[in-house]
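Please look through the following structure with care, beginning with one residue and ending with the whole chain. The report below is meant to be read with the sequence and the model side by side.

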Amino acid sequence: MNKRTPRGYGLWMGQLQPGQQNDLCDVPGVLVGNVTLIRGKGSLVPGEGPVRTGVTAIRPHPGNLYRNPCWAGIHIFNGFGKSVGVPFIQETGILNSPILLTNTLSVSAAAQGLLTYLLNQNPEIGNDARTPNLVVFECDDSYLNDIRGQHVKPSDAILALSRAKNSRVLQGNVGAGTGMSAFQLKGGIGSSSRLIRRKDQSYVLGMLALANFGLLQDLLINGVPVGQLLSFDAEGYCPGSLILIGLTNAPLSRWQLQRLAQRAFLGLARTGGISRTGSGEFCLVVNTLGLGIKDQISDWEMDDFYQAVVEVSAESIWNSLFLAQTMEGRDGRVRYALPHEVVLRLFNKR
């Protein structure tokens, strides 16, 4: 059975119209790249594998982000996480680095690769210019991956950044999502977008989710308790965490972007996520236009954006489930893909 998104099966995903691809790269100029690491099988041999991990890189625009930074807003719904670069964005509202996603114990390696990338681009750093704020987010993929082996290297981060392009976003078992779980099923990368129309202008809000949270019993799709209606028992714990990265070409201030980031977790709730104790939930939303915003949107005209961010957050999480493939990892552990046919019968779509 070919994998399709829930929208592709005719399931309701919200009221607003998606962009042409319905993913993050519908936002003009946004680039996404991945490095996927899959090696070995069988029993865990620490430091050797099996390896089920990777890196996802997001560049908000094709230019030099250190020299041409963007406004950004961030919200931490549950702070059980080990990400890098959060305080600077909270303090200044500025993003002057590409964004990397990886596994929890590879944050330092990814950050080192990102630093090397920026130093190579910008010889003024550390001489007559300030240091950049490296931005790396993480989730724990240890259920399937030899996470202690720290198989992600700085060169993988650099490669993911160099591969970043404005094309259809790969979803499911790819990049940072390779070894991730969602609702005790196979999770990973998911993405979605929405158009926000004005009389004389149309904007895009795109979202990319790294979904690695939840118990099967929690899973909701369009309000239906799918997780409780499935007839099999999910195995193993779900390490936890959800990273949401939103980008828009709308002229929004850092404070408006922060408000969007806050509301993204209403989308998490639509999927049944309850932000359990060990699950870290972070959302970063970035304006791709740079710091010189003109004709800023009024705070009183934000409701369409609020609706859009809720819809793209939920759909990105659902897409990560629908597009992921069953994967066997360390010690023969298996994360099964969402059983499409069974789920669709619950909606009378089969």
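## From single residues to the whole protein

Pro6 lies in the segment before β1, and, like everything else in this report, its description rests on a predicted model. With a relative accessible area of 0%, Pro6 is buried, because buried means a value under 20%. Leaving aside its neighbours within four places in sequence, Pro6 is in contact with Leu11, Met13, Trp318, Asn319 and Phe322. Pro6 and Gln258 are 252 residues apart along the chain, and their C-alpha atoms are separated by 28 Å.

Some of these partners return when we turn to Ile221, a residue in the loop between β10 and α4. Ile221 counts as buried, its relative accessibility being 0%. When its neighbours within four places in sequence are set aside, Ile221 is in contact with Leu11, Val226, Trp318, Phe322, Val343 and Phe347. Leu11, Trp318 and Phe322 are therefore partners of both Pro6 and Ile221, since contact means heavy atoms within 4.5 Å and these names appear for each of the two residues. In contrast to these contacts, Ile221 and Leu244 are 19 Å apart in space, C-alpha to C-alpha, with their positions 23 residues apart in sequence.

Asn222 also has its place in the loop between β10 and α4. Asn222 is partly exposed, with a relative accessible area of 26%, and it has a positive phi of about 50° although it is not a glycine.

Another residue with a positive phi is Phe183, where the angle is near 55° and the residue is again other than glycine. The place of Phe183 is in the loop between β7 and β8, and its relative accessible area of 0% makes it buried. Where is the aromatic partner of Phe183, which is Phe213, found along the chain? Phe213 is in the loop between β10 (202-211) and α4 (226-229), while Phe183 is in the loop between β7 (181-182) and β8 (185-186), so that the pair links distant parts of the chain, 30 residues apart. The two rings form an edge-to-face pair, with 5.0 Å from centre to centre and 65° between the planes. An angle over 60 degrees counts as edge-to-face, which is why the pair has that label. Both Phe183 and Phe213 are buried, and a search of the whole structure finds five aromatic pairs.

Val169 and Arg163 can be considered together. Val169 is found in the loop between α3 (154-163) and β7, whereas the place of Arg163 is in helix α3. Val169 is buried, with a relative accessible area of 6%, but Arg163 is partly exposed at 44%. Leaving aside neighbours within four places in sequence, Val169 is in contact with Asp23, Leu24, Cys25, Val32, Ser191 and Leu208, and Arg163 is in contact with Val32, Gly33, Asn34 and Val35. Val32 thus appears among the contacts of Val169 and among those of Arg163.

The table sets out C-alpha separations for two pairs that involve these residues.

| Pair | Separation along the chain | C-alpha separation |
|---|---|---|
| Val169 and Pro225 | 56 residues | 28 Å |
| Arg163 and Asn319 | 156 residues | 22 Å |

A feature of the backbone is found at Gly49 and Pro50, which are joined by a cis peptide bond with omega about 5°. Pro50 is in the loop between β1 (31-39) and β2 (51-59).

Finally, the protein can be viewed as a whole. There are seven helices and 14 strands in the protein. Its radius of gyration is 19 Å, close to the 20 Å that the globule rule gives for 350 residues, so the protein is as compact as a globular protein of that length. Taken along the principal axes, the box filled by the C-alpha atoms is roughly 60 × 50 × 35 Å. Of the 350 residues, 60% count as buried, and 81% of the contacts with a separation of 6 or more come from residues 24 or more positions apart. The accessible surface comes to about 13,900 Å², and carbon and sulfur atoms account for 49% of that area. As for charge, the protein has 32 positive and 26 negative side chains, and the centres of the two sets lie 4 Å apart.

Definitions and conventions: Residues are numbered from 1 along each chain as its sequence is written. This is a predicted model: local features need pLDDT of at least 70, side-chain atom pairs count only at pLDDT 80 or more; totals for chains, interfaces and linings use all residues. Side-chain values use heavy atoms; hydrogens and water are left out. Helices (H or I, at least four residues) and strands (E, at least two) are DSSP runs, numbered from the N terminus. The radius of gyration is taken over C-alpha atoms; the globule rule is 2.2 Å times the number of residues to the power 0.38. Buried means under 20% relative accessible area, exposed over 50%, partly exposed in between (1.4 Å probe, protein chains only). Accessible areas come from the Shrake-Rupley method with a 1.4 Å probe; for residues, only the protein chains shown count as cover. Lys and Arg count as positive and Asp and Glu as negative; His and the chain ends are not counted. The place of a charge is taken as NZ of Lys, CZ of Arg, CG of Asp or CD of Glu. Rings of Phe, Tyr and Trp (its six-membered ring) pair if their centres lie within 6.5 Å; planes under 30 degrees apart count as stacked, over 60 as edge-to-face and the rest as tilted.
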